[in-house]
Amino acid sequence: MYVIAAEALLILIGGLMGYLKKGSVVSLAAGTLFAVLLGMAAYKVGERDSTIAGHQFSCLINFVLAALMGYRFASSGKFMPAGLVALLSAAVGVRSYLYL
């Protein structure tokens, strides 16, 4: 639960940083959307009766985010921020998968 919540916070901060540094509204919107979705997954993992559903949701969201940011990393060749987010999302997605 705490790992997913920490990731959600990092994604939100990253989206905010993209907005503040480059004026990217898309970065802010995507960061907020994925942070909210990951926050929902973390909440579900914390509930006793829906831990599995929370990990399944976390896997889905993390692998979608890893694929999107992996594509951006492959296109741009810049590790920051796309490569880092892709790596982080893949790692947390695999961790959630191992709990299933």
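1. A good place to start is Ser-58, which lies in helix 3 (helices, H or I of at least four residues, and strands, E of at least two, are DSSP runs numbered from the N terminus). Ser-58 counts as buried because its relative accessibility is 0%; buried means under 20% relative accessible area, exposed over 50%, and partly exposed in between, with a 1.4 Å probe and protein chains only.

2. Before going on, please note that this is a predicted model, in which local features need pLDDT of at least 70 and side-chain atom pairs count only at pLDDT 80 or more, while totals for chains, interfaces and linings use all residues. Residues are numbered from 1 along each chain as its sequence is written, and side-chain values use heavy atoms, with hydrogens and water left out.

3. Which residues does Ser-58 touch, leaving aside its neighbours within four places in sequence? They are Ile-4, Ala-41, Val-92 and Ser-96, where contact means heavy atoms within 4.5 Å. With the same kind of neighbours left aside, Ile-4 is in contact with Ser-58 and also with Leu-38, Ala-41, Ala-42, Val-45, His-55, Val-92 and Ser-96.

4. Ile-4 also brings us to the largest nonpolar core, which has 15 residues. Such a core is a set of buried Ala, Val, Leu, Ile, Met, Phe, Trp, Tyr and Cys residues joined through side-chain atoms within 4.5 Å. Ile-4, Ile-11, Phe-34, Leu-38, Leu-65, Met-69 and Val-85 have the most contacts inside it. At least two core residues come from each of helix 1 (2–22), helix 2 (25–46), helix 3 (51–76) and helix 4 (79–98), and helix 2 gives the most, with 5 residues.

5. Leu-65 deserves a look of its own. Its place is in helix 3, and it counts as buried because its relative accessibility is 5%. Leaving aside neighbours within four places in sequence, Leu-65 is in contact with Ile-11, Phe-34, Val-85 and Ser-89. Leu-65 and Leu-88 are 23 residues apart in sequence and 9.6 Å apart in space, C-alpha to C-alpha.

6. Finally, how do helix 3 and helix 4 pack? Their angle is about 155° and their axes are 7 Å apart; axes are lines fitted to C-alpha atoms, for helices over the stretch in contact, and angles run from 0 to 180 degrees between N-to-C directions. The two helices are therefore roughly antiparallel, the word for angles over 145 degrees. Residues making the contact include Ser-58 and Leu-65 of helix 3, and Val-85, Ser-89, Val-92 and Ser-96 of helix 4.

Key: Angles under 35 degrees count as roughly parallel, over 145 as roughly antiparallel, 65 to 115 as roughly perpendicular and the rest as oblique.
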